[in-house]
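User: I am new to this structure. Please take me through it in short steps.

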Amino acid sequence: MAEQVYWDDVKEGDEIPRLVKNCSTQQLVMWAAASGDFYQIHYDETFAKGTGLKDIIVHGALKNAFLGQLLHDWIAPGGQIVRYGCSYRGMDYPNQEIICRGIVKKKYQEGGKNLVELEIWTETGKANDDGRPKNPEGIKTTPGDAIVALPKR
């Protein structure tokens with residue numbers, strides 16, 4: 001577990017530690033079962049290609065969950081996620097890194113809380129050469145924002 005991040009030590013423009021994920025097709029099936037999202041574009045290659053996609057794609061809600069983990073890993077154990085959200089702007093394919101990133105946009109105090117506003121997003125990283133379609137590296141596919149409360153020293 002990482003050490004506690006304190007509001008006093010955060011500066012605007014800081015990048016929070018990255019979280020790197022790489023979804024296998026098995027993980028997509030497990031997410032479908034856990035979330036109840038059984039739309040075939042996430043696990044049936046023939047069906048996905050029949051809809052015009054290049055291949056099966058990663059669930060948007062799974063990328064949203066990864067961004068939640070990014071925030072939680074950074075603020076735990078004493079911080080709190082006040083709000084976060086994202087948009088699904090691009091497709092991600094299995095067996096390619098999904099890099100979750102965040103930048104501190106603003107820090108302020110309000111209502112007795114020590115708040116930090118962040119820009120968060122996922123972007124494509126390195127891919128396994130499995131012969132299936134991939135995105136170029138560095139494409140932002142899931143932009144979002146968040147506000148977290150951090151403890152003060």
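User: How many bridges join β2 to β5?
Analyst: This is a predicted model: local features need pLDDT of at least 70, side-chain atom pairs count only at pLDDT 80 or more, and totals for chains, interfaces and linings use all residues. Residues are numbered from 1 along each chain as its sequence is written, and side-chain values use heavy atoms, leaving out hydrogens and water. Strands pair if DSSP finds at least two bridges between them. β2 and β5 run antiparallel, and the bridges that join them number 6.

User: Which residue of β5 stands opposite Cys86?
Analyst: Strands here are DSSP runs (E, at least two residues), and helices are runs of H or I with at least four; both are numbered from the N terminus. β2 spans 80-86. Opposite Cys86, in β5, stands Gly144.

User: How many bridges pair β4 with β5?
Analyst: β4 covers residues 113-127 and β5 covers residues 140-149. Thr122 has Thr142 as its bridge partner in β5, and Trp121 has Pro143. The pairing is antiparallel, and its bridges number 9.

User: In what order do the strands line up in the sheet?
Analyst: The sheet is open and its pairing is antiparallel. Neighbouring strands are turned by 20° against each other on average, direction ignored. The 5 strands follow the order β1-β3-β4-β5-β2.

User: Which strands stand at the edges of the sheet?
Analyst: An edge strand here has a single partner, so one side of it is left without a neighbour in the sheet. The strands in that position are β1 (19-22) and β2 (80-86).

User: At about what angle does α3 run to β2?
Analyst: Helix α3 takes in residues 60-75 and lies across β1, β2, β3, β4 and β5. Angles run from 0 to 180 degrees between N-to-C directions; axes are lines fitted to C-alpha atoms, for helices over the stretch in contact. Against β2, α3 runs at about 150°.

User: How many residues of β5 are buried?
Analyst: Buried means under 20% relative accessible area, exposed means over 50%, and partly exposed lies in between (1.4 Å probe, protein chains only). β5 has 10 residues and is mostly covered. The buried ones number 7.

User: Is Val82 buried, exposed or partly exposed?
Analyst: Val82 is found in strand β2. Leaving aside residues up to four places away in sequence, Val82 touches Leu115, Ile147, Val148 and Ala149 (contact means heavy atoms within 4.5 Å). At 44% relative accessibility, Val82 is partly exposed.

User: What pattern does the protein chain follow along the sequence?
Analyst: The protein chain has 3 helices and 5 strands. Its C-alpha atoms fill a box of roughly 55 × 30 × 25 Å along the principal axes. Read along the sequence, the pattern is β-α-α-α-β-β-β-β.

User: How many salt bridges does the structure hold?
Analyst: Side chains of opposite charge can pair when their charged atoms come close. A salt bridge is a side-chain nitrogen of Lys or Arg within 4 Å of a carboxyl oxygen of Asp or Glu. The structure's salt bridges number 14.

User: How far apart in sequence are the parts tied together by Arg101 and Glu15?
Analyst: The side chains of Arg101 and Glu15 meet in a salt bridge at 2.9 Å, N to O. Arg101 lies in strand β3 and Glu15 in the segment before β1, so the pair ties together parts separated in sequence by 86 residues.

User: Which residues are linked in a network of salt bridges?
Analyst: Arg101 also forms a salt bridge with Glu123, with the closest N and O atoms 3.2 Å apart. Arg101 is buried at 14% relative accessible area, and Glu123 is buried at 10%. The network links Glu15, Arg18, Arg101 and Glu123.

User: Where does Arg132, the partner of Glu45, lie?
Analyst: Glu45 and Arg132 meet in a salt bridge at 3.4 Å, N to O. The pair links distant parts of the chain, 87 residues apart. Glu45 sits in helix α2, while Arg132 lies in the loop between β4 and β5.

User: Which residues make the nonpolar surface patch?
Analyst: Patches consist of residues with over 30% relative accessible area and no salt bridge; like charges are joined within 9 Å, nonpolar side chains (Val, Leu, Ile, Met, Phe, Trp, Tyr) within 5 Å. Areas come from the Shrake-Rupley method with a 1.4 Å probe, and for residues only the protein chains shown count as cover. Phe38 sits in the loop between α1 (25-35) and α2 (45-50). The patch of about 280 Å² is made by Val29, Phe38 and Tyr43.
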